[in-house]
Amino acid sequence: MTMMSGGQAVAHSLVAHGTEVVFGIPGNHNLSIYAHLDNNCIRHVLARHEQGCGYAADGYARASGRPGVALVTAGPAVLNTLASLGQAYSDSLPVLLVAPGMPLRHPALGNGHLHEMKDQQAAVAAVVAASYRVSSVEEIPSAVSQAFAAMTAGRPRPAYLEIPIDVLDEEADVELGQPVTWGPRAASVAEIERAAGLLRTSTHPGIVVGGGARGADPALCCLAERLGATVITSTNGKGTLPEDHPLSLGAGAHLSAAAAWARSRDVLLAVGTDLGSSDLWNGPWDLTGTLIRIDIDPAQMTVNARSDVALVGDAGETMTALASLLGEVAPVPAEATEWRERIGTEGRNEGAMWGKEIAAIASVLEREAIVAGDSAAVCYYGLRTNLPCYSSGSFLYPTGFGTLGYGLPAAIGAKIAYPERQVMAVLGDGGVMFTLAELATAAAEGLPLPVVVVDNGGYGQIRKNMEERGYRPLGVDIPSPDFPAVARALGCHGISIDTPGRLAEELAEAFTSDRPTVLHVMEGKHR
Ligand SMILES: Cc1ncc(C[n+]2csc(CCOP(=O)(O)OP(=O)(O)O)c2C)c(N)n1
Ligand SMILES: [Mg+2]
């Protein structure tokens with residue numbers, strides 16, 4: 001037992017659970033936590049808006065698999081993080097928001113306290129999986145343990161910890177909570193054997209992989225090779241099987257050729273994916289074969305498709321157990337080349353507008369590079385299917401919630417997690433404006449972070465959608481600021497790119513710089 005303040009107990013407990021960095025913005029109400037970051041060796045990365053804290057924590061978690069932590073003040077600061085927590089929820093990521101709340105002895109709400117709001121905890125609880133408001137210093141360590149358990153043991157999800165302002169300043173004898181230890185478990189042996197039996201006799205096996213298989217790369221590779229099964233991924237699963245592997249069909253699950261591939265599988269194994277419409281744009285796959293699902297969350301087993309065999313367990317452990325029942329590596333089937341060609345061609349056509357730029361980017365990226373995207377056409381039509389990725393957690397994209405402004409702060413979070421790896425962001429001219437201020441964050445941290453801004457004069461996809469419905473385009477044509485000049489004003493380099501060749505050159509240079517570089521690229525007819 002040690003005598004400490006609430007703020008100290010928060011910092012101590014975060015460290016006890018392995019927290020090395022928080023993405024934060026200080027304010028009057030959270031100062032007692034800030035006072036203990038340094039002496040607990042927690043690195044503080046100052047974002048410039050709280051949504052930046054949340055997206056950076058997401059990028060950190062998405063790339064590394066470790067929980068990302070955001071630390072903000074009460075009221076508006078908390079509300080500013082909500083879109084990022086919603087994004088972390090829909091893409092199943094461990095992100096913890098820590099914030100002060102109104103004091104315990106707060107007279108019946110509504111006495112005009114700074115940052116007071118109707119119900120801060122309820123607002124966050126509507127978005128995260130687990131939310132805790134403590135009422136004493138002694139409770140803090142176990143609340144932090146529970147938050148980490150909620151984020152990491154089982155399906156990763158965001159969590160929230162609220163500490164009343166008065167509790168942060170109180171002192172008490174505190175016992176530090178025990179770090180959560182959780183051993184990922186495979187599904188039940190009987191069910192794995194049943195699945196293995198079905199897969200063994202399958203003539204056209206296929207595997208579809210989602211973000212739930214993040215980190216299970218070796219297990220997936222082993223299983224696919226033993227089955228001789230072609231593999232397609234969702235956007236969140238991109239790269240889990242290296243995309244130059246002969247069995248990889250890439251990440252274009254939304255393409256019609258992918259739907260045809262799925263329909264032609266006599267046994268389809270779906271791992272850590274909800275087969276949801278944010279990936280399968282043209283409606284659910286029309287499956288004719290047997291569907292086996294692996295998911296840590298039993299509730300997922302009937303989402304979007306009914307599973308014939310439901311393997312409830314950790315993706316990596318379950319795939320490894322399954323592979324162990326399947327014998328030697330099978331030859332790559334001839335159909336793999338055909339499907340690679342067919343799906344690849346459709347993907348290349350869809351992304352043709354950005355083909356040269358994507359090729360330029362790919363030519364500069366190392367195998368371990370991490371690319372963060374945004375809800376821009378260049379990402380969902382372009383990079384998703386046409387930029388090869390080689391490991392899970394290397395393509396960070398706001399899939400389920402589809403928020404704008406994600407790419408830049410997510411890239412910052414990933415670069416903080418992996419300073420030695422190439423990390424870059426690709427955004428549209430619309431999306432980048434949502435979190436543009438985070439360029440100052442990246443500059444202050446001295447991050448060699450290339451940020452490619454693809455400019456089509458506004459909200460290109462929304463303009464197209466309006467036109468398709470026969471509406472007069474409204475609110476979609478946006479005069480671009482002088483992006484390179486804005487970048488320079490915020491402490492970055494800023495460059496206008498006129499040819500793909502120049503993009504490759506400048507990108508290579510940007511990766512070795514002492515600061516971020518905005519590379520402004522005009523798209524298609526806007527060139
Ligand atoms: C937070 C948020 N607000 C609004 C939207 C709706 N929206 C989706 S795409 C888009 C246009 C984005 O423009 P840009 O980033 O330039 O990409 P482009 O469509 O031009 O490729 C908008 C406004 C959204 N997805 N997220
Ligand atoms: Mg645009």
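Which residues are the protein donors of the magnesium ion (ligand 2)? The legends below take up this question and then turn to other parts of the structure, which is a predicted model.

**Close-up 1. The site of the magnesium ion (ligand 2) and its protein donors.** The magnesium ion (ligand 2) has as its protein donors Asp429, through OD, Asn456, through OD1, and Gly458, through O, and these lie 2.1 Å from the ion. Along the chain, the donor residues follow the spacing D-x26-N-x1-G. Because Asp429 belongs to the loop between β16 (423-428) and α17 (438-444), while Asn456 belongs to the loop between β17 (450-455) and α18 (460-468), the pair ties together parts that are 27 residues apart in sequence. Asp429 and Asn456 are both buried.

**Close-up 2. Helix α16 and its surroundings.** Helix α16 covers residues 407-417, and since 11 of its 11 residues are buried, the helix is largely enclosed by the rest of the structure. Among these buried residues are Leu408, Pro409, Ile412 and Ile416, together with Gly407, Gly413 and Lys415. The alanines Ala410, Ala411, Ala414 and Ala417 of α16 are likewise buried.

**Close-up 3. The packing of helix α10 with helix α12.** Two packed helices are described by the angle between their axes and the distance between the axes. For helix α10 (residues 217-227) and helix α12 (residues 315-324), the axes come within 8 Å and cross at roughly 30 degrees. Since angles under 35 degrees count as roughly parallel, α10 is described as roughly parallel to α12. The crossing of these two helices, α10 and α12, is left-handed. On the α10 side the contact involves Ala219, Leu220, Cys222, Leu223 and Arg226, which meet Gly316, Met319, Thr320, Leu322, Ala323 and Ser324 of α12. Sorted by class, the residues in the contact of α10 with α12 are 7 nonpolar, 3 polar and 1 charged.

**Close-up 4. Cys41, a residue with positive phi.** Although Cys41 is a residue other than glycine, its phi is positive, with a value near 60 degrees. Cys41 sits in the loop between α2 (31-34) and β3 (43-46). The relative accessibility of Cys41 is 68%, and therefore this residue counts as exposed.

**Close-up 5. Leu275, a residue with positive phi.** Leu275 is not a glycine, yet its phi is positive, at about 50 degrees. The loop that holds Leu275 runs between β11 (267-271) and β12 (290-295). With a relative accessible area of 9%, Leu275 is buried, whereas Cys41 in the preceding view is exposed.

Methods: Residues numbered from 1 in each chain as written. Chains lettered and ligands numbered in written order. Predicted model: local features only at pLDDT ≥ 70, side-chain atom pairs only at ≥ 80, totals over all residues. Heavy atoms only, no water. Buried < 20%, exposed > 50% of the residue type's maximum accessible area, 1.4 Å probe, protein only. Helix = DSSP H or I, 4+ residues; strand = E, 2+ residues; numbered from the N terminus. Donors = N, O, S within 2.8 Å, 3.2 Å for Na, K, Ca; no water. Axes fitted to C-alpha atoms, helices over the stretch in contact; angles between N-to-C directions. Parallel < 35°, antiparallel > 145°, perpendicular 65-115°, else oblique. Left-handed = near helix turned anticlockwise from the far one by under 90°. Contact = heavy atoms within 4.5 Å. Nonpolar A, V, L, I, M, F, W, Y, C, P; charged D, E, K, R; others polar.
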